[in-house]
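Biologist: Could we go through this structure together, one question at a time?

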Amino acid sequence: MPSTVLVGTQWGDEGKGKITDLIASHYDYVVRYQGGNNAGHTVVHGDTKLALHLMPSGVMYENATPVIGNGVVVDPGALVKEMAMLQAEGVSCDNLKISCNAHLIMPYHKDLDGADEKVLGKNSIGTTKRGIGPCYQDKAARKGIRVQDLMDEKIFRLKLEAALAQKNPILDKIYGLHTYTVEEICDEYLPYARILAPFMAETTQLLNEAKRAGKNILFEGAQATMLDIDHGTYPYVTSSSCSSGGAPIGTGVGAMAIGKVIGIMKAYTTRVGGGPFPTEQRFPENGGVGEEAETGEALCAIGHEYGVTTGRKRRCGWLDLVIGKYAVDVNGLTDIALTKLDVLSEFDTIKVCVAYEHEGKRYDYCPMQQSVLFHAKPIYEELPGWKGVDISECRTFEELPENAQRYIEYVEEFVGAPITMISVAPERDATIYRNWSFEY
Ligand code: GDP
Ligand code: IMO
Ligand code: MG
């Protein structure tokens, strides 16, 4: 069976964790291919709500082997902590496989992430300060330290010494920060090596053997299309390839193995951190007044839009279909899972952005020039709502209020990919399948 990729279509936090967890039992492997513990994926299991950062959301099922691919950046301390949290919740991490080629986030990466943001001042990206960007920087510069290096103390010490010879002067002379000794970092990191060694694996080989044996693989994207280093709103992006194209790169499974690409689309839009966001309904603290501020506050409150990783209040706005269409193209989406539709039940009418206007020109596509996207005025279509109807118990498309059905049809027709799943509450079973199939 061809493999499936699951990706975010907006700026993250679309509900990737829920949908991955929902379908994971049908897969033999659930694989993270990029990003690190900047991700925060929520899975709700019975009364338990778990926040996953590095662990693939398939970990809840014993049949689905969770894999951390070569494209991921691993903070070993964060991973050990997450595994302990899961074990305390009764979730076994015994099957975890970690690519020996994944890069390690080092303590100085986190310091430099924070320091770089400080220097940018009001132009800061609003990173999660988990050291993601500086770690990928070292990877691209061919100076990174990998999971396999951690497993060999002699090599680890040599690589660390070389890294510190460059990092310490930067930490000290440019940023006035604390410097590190090899011993200090070894004291922290070598115990992680002992804990993580049993999970280290040749994951490229493992996954390709699995494919040959007819096993099913699900690639779980973190972050999202508009945060992709190439296709997102650069420089207000993360440092990895979050789109579906990142899956072959970040795992070593060939692109032809992929047969299904599911885009997770929240029924409205949110963004954490800085950067352009044309349909944003600004909060009062960000200059929003009147209806704009009310809408922003309502979406945030009803949708509980606070970051899983950093606790930050997420910026909120109407659904941007120009971006939706772009995500269909960039990822080659075969399916869309529309999430958090229940949050829109509070509104009389619902706006969707169908184009932008900038300096008298209409844009029906996502403009590549940052300055245009920054100042683009959304052109909205206003659709009738289903105010006051609780849709969280609906389990078929036909049970949804007629205006909700029309909304779904409008979105899928506009963006050009079918909405085959609709999520109406955080729980696993609060999902409507619509012409959904694991076959393709
Ligand atoms: P991810 O990063 O894409 O995995 O998404 P997050 O976990 O960061 O954020 C999604 C939030 O929405 C989580 O708190 C989920 O429990 C919640 N959620 C997911 N689907 C739905 C839904 O259909 N309705 C509501 N109300 N909440 C949802
Ligand atoms: P999930 O997988 C939302 C954002 C940060 C910042 C930018 C760069 O839960 O959807 P980074 O720390 O990656 O260098 O920050 O990217 N960001 C996310 N926003 N959801 C995420 O992950 C994110 N991961 C990073 O807020 O704007
Ligand atoms: Mg998240």
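The questions and answers below concern a predicted model, beginning with its ligands.

Biologist: How many Å² does ligand 2 expose when taken alone, and what percentage of that does the protein bury?

Modeller: Several polar atoms of the protein meet oxygen atoms of ligand 2. The side chain of N38 has an N or O atom 2.9 Å from one oxygen atom, and a polar backbone atom of Q223 is 2.8 Å from an oxygen atom of the ligand. Taken alone, ligand 2 exposes 550 Å², and the share buried by the protein is 97%.

Biologist: Which class, nonpolar, polar or charged, has ten residues in the shell around ligand 2?

Modeller: There are 20 residues around ligand 2, with K16, H41, T128, Q223 and T238 coming nearest. Seven residues of this shell are nonpolar and three are charged. The class with ten residues is polar.

Biologist: Which helix supplies the largest share of the shell around ligand 1?

Modeller: Ligand 1 is surrounded by 18 residues, and K16, G17, T42, D342 and S423 are the closest. Both α1 (16–23) and β3 (41–45) supply at least two residues of that shell. The largest share, three residues, comes from α1.

Biologist: What percentage of the exposed area of ligand 1 does the protein bury?

Modeller: Ligand 1 occupies the second largest pocket. One of its oxygen atoms is 2.8 Å from a polar backbone atom of G17, and a polar side-chain atom of R314 lies 3.2 Å from an oxygen atom of the ligand. Alone, ligand 1 exposes 580 Å², of which the protein buries 94%.

Biologist: Why are E153 and R157 separated by about one helical turn, and in which helix?

Modeller: Side chains of opposite charge can pair when their charged atoms come close. E153 and R157 form a salt bridge, with their closest N and O atoms 3.0 Å apart. They are separated by about one helical turn because they stand four residues apart in helix α6.

Biologist: What is the omega of the cis peptide bond that joins Y234 and P235?

Modeller: Most peptide bonds are trans. P235 is placed in the loop between β10 (217–220) and α9 (246–249). The bond joining Y234 to P235 is cis, and its omega is about 5 degrees.

Biologist: Which residue has a positive phi of about 55 degrees although it is not a glycine?

Modeller: Most residues other than glycine have a negative phi. The residue in question lies in the loop between β10 and α9. With a positive phi of about 55 degrees, that residue is Q223.

Note on methods: Residues are numbered from 1 along each chain as its sequence is written. Chains are lettered from A and ligands numbered from 1 in the order in which they are written. This is a predicted model: local features need pLDDT of at least 70, side-chain atom pairs count only at pLDDT 80 or more; totals for chains, interfaces and linings use all residues. Side-chain values use heavy atoms; hydrogens and water are left out. A residue is near a molecule or strand if one of its heavy atoms lies within 4 Å of it. A polar contact is a pair of N or O atoms within 3.5 Å; within protein, one must be able to donate a hydrogen and the other to accept it, and residues adjacent in sequence count only if both atoms are side-chain atoms. Accessible areas come from the Shrake-Rupley method with a 1.4 Å probe; for residues, only the protein chains shown count as cover. Ala, Val, Leu, Ile, Met, Phe, Trp, Tyr, Cys and Pro count as nonpolar, Asp, Glu, Lys and Arg as charged, and the others, Gly among them, as polar. A salt bridge is a side-chain nitrogen of Lys or Arg within 4 Å of a carboxyl oxygen of Asp or Glu. On a 1 Å grid over the protein atoms alone, a cavity is a set of points where a 1.4 Å probe fits but cannot get out, and a pocket is an open set with protein on both sides within 12 Å along at least five of seven lines; lining residues have an atom within 4 Å of a point. A molecule sits in a cavity or pocket if more than half of its atoms lie within 2 Å of its grid points.
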